[in-house]
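User: I should like to learn how to read burial, cores and surface patches in a protein model. Could you guide me through them in order?

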Amino acid sequence: MSRKKALMRMVARMCAYCTALTALSFFVFCAVLSPLLFPGDTFVPISIMLVDFAFESVVTGLALGLPMALLTAVCFREIRRPTFYRFTMLTSSLVIVILFLSEGAFSFSFAPLTWFALFLEYDLRIAALLLVVVSKFGLAAYMSHVAAGKYLRDLQAQQPIATDAQ
């Protein structure tokens, strides 16, 4: 397996992790929190929710995975300190999450995080949505740390084992 394949697998892992986190966040908000807070109130039709789910999971996975692959390809040709590499991937994902959450590109309703904070005292559903969105992206940033570790394991698996032939 070449380095390109390992990088593409890292992006694919981030997409898979973000898809799982998006599914979990949609389930928690739409099936658990929303019916508990507002019984008998329907939130969104299933077809619209599936389109939102697919779009949000792909955008999140690519927005976190592609910068990780680019940063690895450009800055980490040879990884001598794996802990520093994993920390760098976690930090880069946190920066991306903070930037996109402040712009509103990743939230369910595509509103910036500061708008959520303004309406917290008026609507309990917005507070629940804020909790779910921030938890999802915090976990997504942590999953970049996990994906970086698996990338390191992929690189170690492809290197041949050196033997002493003296």
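**Burial, core and surface**

Analyst: Let us begin with burial. A residue counts as buried when its relative accessible area is under 20%. In this predicted model, Ser 57 is buried because its relative accessible area is 4%.

User: Where is Ser 57 placed, and which residues is Ser 57 in contact with, leaving aside its neighbours within four places in sequence?

Analyst: Ser 57 lies in helix 2, which covers residues 46-75. Once its neighbours within four places in sequence are set aside, its contacts are Cys 18, Thr 19 and Thr 22.

User: How many residues does the largest nonpolar core have?

Analyst: A nonpolar core is a set of buried residues of certain kinds, joined through side-chain atoms. Here the largest one has 33 residues, and those with the most contacts inside it are Met 10, Met 14, Leu 64, Tyr 85 and Tyr 151. At least two residues of this core come from each of helix 1, helix 2, helix 3 (82-103) and helix 5 (124-158). Helix 5 gives the most, with 12 residues.

User: Which residues does Leu 64 touch, not counting those up to four places away in sequence?

Analyst: With those left out, Leu 64 touches Met 14, Cys 18, Ser 93, Ile 96, Val 97 and Ala 140.

User: Which residues make the nonpolar surface patch?

Analyst: Residues enter such a patch only with over 30% relative accessible area. Leu 24, Phe 27, Val 32, Leu 36, Leu 37 and Leu 124 make a nonpolar patch of about 570 Å². Helix 1 (residues 3-37) contributes the largest share, 5 residues. Phe 27 is found in helix 1.

Key
Residues are numbered from 1 along each chain as its sequence is written. This is a predicted model: local features need pLDDT of at least 70, side-chain atom pairs count only at pLDDT 80 or more; totals for chains, interfaces and linings use all residues. Side-chain values use heavy atoms; hydrogens and water are left out. Patches are made of residues with over 30% relative accessible area and no salt bridge: like charges are joined within 9 Å, nonpolar side chains (Val, Leu, Ile, Met, Phe, Trp, Tyr) within 5 Å. Accessible areas come from the Shrake-Rupley method with a 1.4 Å probe; for residues, only the protein chains shown count as cover. A salt bridge is a side-chain nitrogen of Lys or Arg within 4 Å of a carboxyl oxygen of Asp or Glu. Helices (H or I, at least four residues) and strands (E, at least two) are DSSP runs, numbered from the N terminus. Buried means under 20% relative accessible area, exposed over 50%, partly exposed in between (1.4 Å probe, protein chains only). Contact means heavy atoms within 4.5 Å. A nonpolar core is a set of buried Ala, Val, Leu, Ile, Met, Phe, Trp, Tyr and Cys residues joined through side-chain atoms within 4.5 Å.
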